[in-house]
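Subject: Structure handover

Hello,

Here is the structure we discussed passing on to you. Please look it over before reading the notes underneath.

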Amino acid sequence: MNDARYVIDTCSLTKMRHTYPKDVFPTAWAKLTEISEAGVIISAEDVLEELSAFDDEVLEWAQGQSEFFYPLDQKVQRAATDILGKYPGLLDLKKNKSSGDPFIIATALCNKCSVVTEEKFSNSPVRPKIPNVCKAVGVECITIVDMFRREGLRV
């Protein structure tokens, strides 16, 4: 049985480094590990690729979470293809980086999860962001602070 409730985006994980450094907020990192190991929070395997651009505590943490990164199976790939068909501006091909955004949303859709991201709504219909697409496809979108609040983190 899938216990996942959240699919986390790269920017929320990198926020851990900036806003909740491990040496100052060990409780936040312990909670993240706890809910990861319990299968409550997952991510798409593209996020691990995006995190590999940084050689830091977030990548080190991510590499220790073997069940955390869900493979892009056929169901997720079909959902991502559908999302990109309707929202092609979600991918920015001018930026020289992997874009896991459609796979984050597709993974959430296929696993009936909320998306955790720090992205804000875009005002451009041509360049939608994760929250815009999540709203359009009926997937809840929250921040990492909201997720920690729901999961009972108290620092």
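The notes below cover one helix, the cysteines, one aspartate and the salt bridges.

Please keep in mind that this is a predicted model.

Helix 5

Helix 5 runs over residues 74-86. With 13 residues at 1.5 Å a residue, the expected span is 18 Å, and the C-alpha atoms at its ends are 18 Å apart, so the two values agree. Four residues of this helix are listed as buried: V76, A79, A80 and I83. They sit on the same side of helix 5, because the arc they cover around the axis is only 100°. The exposed residues on the other side are Q74, R78, T81 and G85. Helix 6 (101-111) and helix 7 (130-137) are included in what covers the buried residues. At the N-terminal end, the cap of helix 5 is D73. One of the side-chain oxygens of D73 lies 3.2 Å from the backbone nitrogen of K75.

Cysteines

How many disulfides does a search of the whole structure find? The result is 0. A disulfide is a covalent bond between the sulfur atoms of two cysteines, and the cut-off applied to a pair of sulfur atoms is 2.5 Å. For C11, the closest cysteine sulfur belongs to C141 at 8.9 Å, which is too far for a bond. C141 also holds the closest cysteine sulfur to C134; here the distance is 4.4 Å, again too far for a bond. As for exposure, C11 has a relative accessibility of 23% and therefore counts as partly exposed. C134, with a relative accessible area of 0%, is buried.

D101

D101 is located in helix 6. Is D101 buried or exposed? Its relative accessible area is 10%, so D101 is buried. Leaving aside residues up to four places away in sequence, D101 touches D9, L90, E119 and I130. Two of these contacts, D9 and E119, are themselves acidic residues by name.

Salt bridges

The count of salt bridges comes to 5. Among them are the three described here.

R17 pairs with D56, and the closest N and O atoms are 2.2 Å apart. This pair links distant parts of the chain, with the two positions 39 residues apart in numbering. R17 belongs to helix 1 (residues 10-19), while D56 is in the loop between helix 3 (45-51) and helix 4 (57-63). Both partners, R17 and D56, are buried.

E140 and R150 form a salt bridge through their side chains, at 2.6 Å from N to O. This pair, too, links distant parts of the chain, the residues being 10 apart. E140 lies in the loop between helix 7 and strand 5 (141-142), and R150 lies in helix 8 (residues 144-150). E140 counts as partly exposed at 38% relative accessibility, and R150 is partly exposed at 44%.

D146 and R149 meet at 3.6 Å, N to O. Both are in helix 8, and because they are 3 residues apart, about one helical turn separates them. D146 is partly exposed, with a relative accessible area of 29%, whereas R149 counts as exposed at 54%.

Regards

Key: Residues are numbered from 1 along each chain as its sequence is written. This is a predicted model: local features need pLDDT of at least 70, side-chain atom pairs count only at pLDDT 80 or more; totals for chains, interfaces and linings use all residues. Side-chain values use heavy atoms; hydrogens and water are left out. The expected span of a helix is 1.5 Å times one less than its number of residues. Buried means under 20% relative accessible area, exposed over 50%, partly exposed in between (1.4 Å probe, protein chains only). The arc is that of the directions from the helix axis to the C-beta atoms. Contact means heavy atoms within 4.5 Å. A polar contact is a pair of N or O atoms within 3.5 Å; within protein, one must be able to donate a hydrogen and the other to accept it, and residues adjacent in sequence count only if both atoms are side-chain atoms. A salt bridge is a side-chain nitrogen of Lys or Arg within 4 Å of a carboxyl oxygen of Asp or Glu.
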